[in-house]
Amino acid sequence: MTVTTVPFTDLGAMADEVWPDLAGPIATAVSTADFIGGSAVERFEEEWARYCGVAHGVGVANGTDALHLTLRALGVGPGDEVVVPASTFVATAEAVVLAGASPRFADVDPRTLLMTPDSVEAAITPRTQGVIVVHLYGQPADMDELGRAVRRRGLFLLEDAAQAHGARWGDRPVGSFGDAACFSFYPSKNLGAFGDGGAVVTGDANIARRVRSLGDHGRPVGAHHGHLVVGTTSRLDSLQARVLSAKLRRLPAWTEARRQVAARYQEGLGDLPGLELLDVHPSAHHVYHLFVVRVPKRDRLRAELALQGVQTGIHYPLACHQEFAFSPFASDRLPDAEAAASEVLSLPLYPHMAPAQVDRVIDLIRSILTERVGAGASIH
Ligand SMILES: *Cc1c(COP(=O)(O)O)cnc(C)c1O
């Protein structure tokens, strides 16, 4: 019996596509020792800010630093609280703790796994300074309603757009709604470096300047000596900036390919009992960092898919407040985020995925969930 394997992702296919554009510039950078700062970094920072529809972009070492340094630039510190969604990667809450403050976890809408104005309101206390909204899996949160709720309270709004490069709410790109927005260029993100990387984008020149200074040992921007605050070292290096500029040219096509895979899954799985698709808001231009479905018998489906050579993921098996590290900050039960954590399953999705591979995943899921799987392939 031949088993056609379907990997969860294929980062090599994206790297192969850009490598012809990169081999020359990377060789030049190496032979001229152009590693930190310089024109390649400045060029990518400008390109990325323009792509996000804002004036300023600052490269940093990774997405967690982008969040942590922006929180510090916004003045967050000990005694403060920042609202974050319970359904997210831990880095969102981690950054709040790194800034010396406490995360307050908000529940999510069970149909989108995104924060809602009501769930944010429920998490706000007199110590709350701001809200980090996460555009989870590539779908922007409701920036009209949520934006209004946050502004009405006089709080800052920070976008964690680490999973949503190029997503739009209405006709505006994510990254242009908050006081600032943070991106990760971890290799598996929709725009991924050949290593770690991150960026902060903002329309506010003061926030941009403070983030840049904090990531450069607290030096005033443009100066070499004189350290006014205790900073750290967190920079996007120039080799990664070259990779990101080359990949950015392909990002619109790769995003469209992701959306086509997602549409095929929606078509093939939409009516299937035992599996629920997440809702997509009509104003949301979703970029499908992940294609996540809810399946009550998730672990069984996942094991049977693995037997057939189909790799899946779980994002995330626990809601953030249920993780041991964050137990000091977990006050209330958050039933919707907790229930989702036991049901979410991420299906294979990447720009170079062939339609036949998508169909194989769909066919296997349909036969497993309707118990028509071949003899010997089923776990009970
Ligand atoms: C990946 C990710 C981050 C952190 O990015 P790193 O570059 O890995 O530090 C933050 N928030 C979310 C939602 C992420 O998915």
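1. In this predicted model, the lining of the largest cavity is made up, by class, of nine nonpolar residues, four polar residues and one charged residue. Those residues number 14 in total, and the ones that lie nearest the centre of the cavity are Leu-278, Val-280, His-286, Tyr-288 and Val-292.

2. As for volume, the space in this largest cavity comes to about 120 Å³. Its lining is shared between two parts of the chain, since at least three residues are drawn from each of domain 1 (11–106 + 114–248) and domain 2 (251–374).

3. How many cavities of 30 Å³ or more are there? The count comes to two, and the second largest cavity has a volume of about 80 Å³.

4. The second largest cavity is lined by 14 residues, and here Ser-87, Tyr-137, His-315, Tyr-316 and Ala-341 are the ones that lie nearest the centre. By class, this lining holds 11 nonpolar and three polar residues, with no charged residues.

5. Which helix gives the largest share of the lining of the second largest cavity? That share, three residues, comes from helix α11, which spans residues 335–341. The lining of the second largest cavity also draws at least three residues from each of domain 1 (11–106 + 114–248) and domain 2 (251–374).

Terms used. Residues are numbered from 1 along each chain as its sequence is written. This is a predicted model: local features need pLDDT of at least 70, side-chain atom pairs count only at pLDDT 80 or more; totals for chains, interfaces and linings use all residues. Side-chain values use heavy atoms; hydrogens and water are left out. On a 1 Å grid over the protein atoms alone, a cavity is a set of points where a 1.4 Å probe fits but cannot get out, and a pocket is an open set with protein on both sides within 12 Å along at least five of seven lines; lining residues have an atom within 4 Å of a point. Grid points are joined across faces, edges and corners, and a volume is the space filled by probe spheres set on the points. Ala, Val, Leu, Ile, Met, Phe, Trp, Tyr, Cys and Pro count as nonpolar, Asp, Glu, Lys and Arg as charged, and the others, Gly among them, as polar. Domain bounds come from an automatic or database domain assignment. Helices (H or I, at least four residues) and strands (E, at least two) are DSSP runs, numbered from the N terminus.
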